[in-house]
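Work through the exercises below with the sequence and coordinates open. Try each task before reading its solution.

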Amino acid sequence: MLIFIITDHMQQYVNEREKNARAQTSIKVLQMRPHFIYNTMASIYYLCEQNPKKAMFVEFDTPHMNFRIPPLTLQPIIENSIKYGVDPELEPLYISVQTKETENGSEIIVIDNGPGFDGNNDAISDNREPHIAINNIRERLSMMCSGTISFSIREEGGTVVRIWIPD
């Protein structure tokens with residue numbers, strides 16, 4: 001009887017944790033939807049109005065697709081590339097989305113040729129404060145699939161974002 005009671009309490013605890021994780025994830029997705037849609041559309045509209053020839057092209061090289069990522073993971077990353085990379089004075093913005101299978105998981109790589117960021121005030125912070133969308137992605141990746149996200153400066157200029165999802 002004691003084993004049954006302990007097992008039942010443990011199951012209730014696990015169920016409650018899963019329920020809380022799902023609720024937190026839902027809240028985070030809802031926080032991002034309006035932000036993503038508005039900013040992306042405003043950036044594209046601005047660029048098309050100012051200089052349609054400089055409108056970006058997005059290239060996809062995604063041979064490996066046997067993985068799952070949380071909803072609204074890639075969209076805000078691409079939105080940031082557009083937001084910080086669109087400049088009528090610069091070359092047309094180029095964004096590449098790549099996927100590949102690694103030894104123990106999957107990697108999604110987003111590369112842009114924008115102005116990039118400096119090491120002190122990078123893509124994950126605004127004025128040294130955590131960037132809401134990036135922190136949101138980081139938390140959802142961790143909670144939902146034990147994934148990680150990292151940022152680096154592209155040697156030729158721009159930014160490289162790497163998302164890793166374990167098997």
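The exercises cover the sheet, the helices on it, the core, two buried polar residues and the salt bridges.

**Ground rules.** The model is predicted: local features need pLDDT of at least 70, side-chain atom pairs count only at pLDDT 80 or more, and totals for chains, interfaces and linings use all residues. Residues are numbered from 1 along each chain as its sequence is written, and side-chain values use heavy atoms, with hydrogens and water left out.

**Exercise 1. The sheet**

Task: Determine the strand order of the open sheet and identify its edge strands.

Solution:
- Start with the elements: helices (H or I, at least four residues) and strands (E, at least two) are DSSP runs, numbered from the N terminus.
- Apply the pairing rule: two strands pair if DSSP finds at least two bridges between them.
- Read the order. The open sheet has 5 strands, arranged β1-β2-β3-β7-β6 with mixed pairing.
- Find the edges. β1 and β6 each pair on one side only.
- Add the twist, which averages 15° from one strand to the next. Axes are lines fitted to C-alpha atoms, for helices over the stretch in contact, and angles run from 0 to 180 degrees between N-to-C directions.

**Exercise 2. The partners of β7**

Task: State how many bridges join β3 to β7, and how many join β6 to β7.

Solution:
- β3 and β7 run antiparallel and are joined by 8 bridges. One pair to locate is I109 with R162 of β7.
- β6 and β7 also run antiparallel, with 6 bridges between them. Here I149 stands opposite I163 of β7, and I153 has T159 as its bridge partner.
- Now inspect the hairpin of β6 and β7. There are 5 residues between the strands, and G157 takes a positive phi near 105°.

**Exercise 3. Helices on the sheet**

Task: Which strands does α2 lie across, and which does α3 touch?

Solution:
- α2 lies across β2, β3, β6 and β7, at about 20° to β3.
- α3 packs on the sheet and touches β6 and β7. Its direction makes about 140° with that of β6.
- Contact means heavy atoms within 4.5 Å.

**Exercise 4. The core**

Task: Which residues of the largest nonpolar core touch the most other members?

Solution:
- Fix the criterion. A nonpolar core is a set of buried Ala, Val, Leu, Ile, Met, Phe, Trp, Tyr and Cys residues joined through side-chain atoms within 4.5 Å. Buried means under 20% relative accessible area, exposed over 50%, partly exposed in between (1.4 Å probe, protein chains only).
- Pick out the hubs. The largest core has 19 residues, and I77, V110, L141, I149 and I163 touch the most other members.
- Trace the sources. α2, β2 (94-102), β3 (105-112), α3 (132-145), β6 (148-153) and β7 (159-166) each give two or more residues. α3 gives the most, with 4 residues.
- Zoom in on I149. Beyond four places in sequence, I149 touches I77, I137, R138, L141, V161, R162 and I163.

**Exercise 5. Two buried polar residues**

Task: Are T73 and N80 buried or exposed? Describe their surroundings.

Solution:
- T73 sits in the loop between β1 (57-61) and α2 (74-85). T73 has a relative accessible area of 1%, so it is buried.
- Its side chain reaches the backbone oxygen of P70 at 2.6 Å. Beyond four places in sequence, T73 touches I137, R140, L141 and I163.
- N80 belongs to helix α2. At 10% relative accessible area, N80 is buried.
- Outside four places in sequence, N80 contacts G85, H131 and I134.

**Exercise 6. Salt bridges**

Task: How many salt bridges does the structure hold, and which residues do they join into one network?

Solution:
- Set the cut-off: a side-chain nitrogen of Lys or Arg within 4 Å of a carboxyl oxygen of Asp or Glu. The structure holds 3.
- Take E107 with K100: the closest N and O atoms are 3.6 Å apart. E107 is buried because its relative accessibility is 13%, whereas K100 is partly exposed at 40%.
- Take E107 with R162, at 3.3 Å between the closest N and O atoms. This pair links distant parts of the chain, β3 and β7, 55 residues apart. R162 is partly exposed at 33%.
- Take R154 with E156, at 3.3 Å from N to O. R154 is partly exposed at 21%, and E156 is exposed at 60%.
- Assemble the network. Shared partners join K100, E107 and R162.

Conventions: A polar contact is a pair of N or O atoms within 3.5 Å; within protein, one must be able to donate a hydrogen and the other to accept it, and residues adjacent in sequence count only if both atoms are side-chain atoms.
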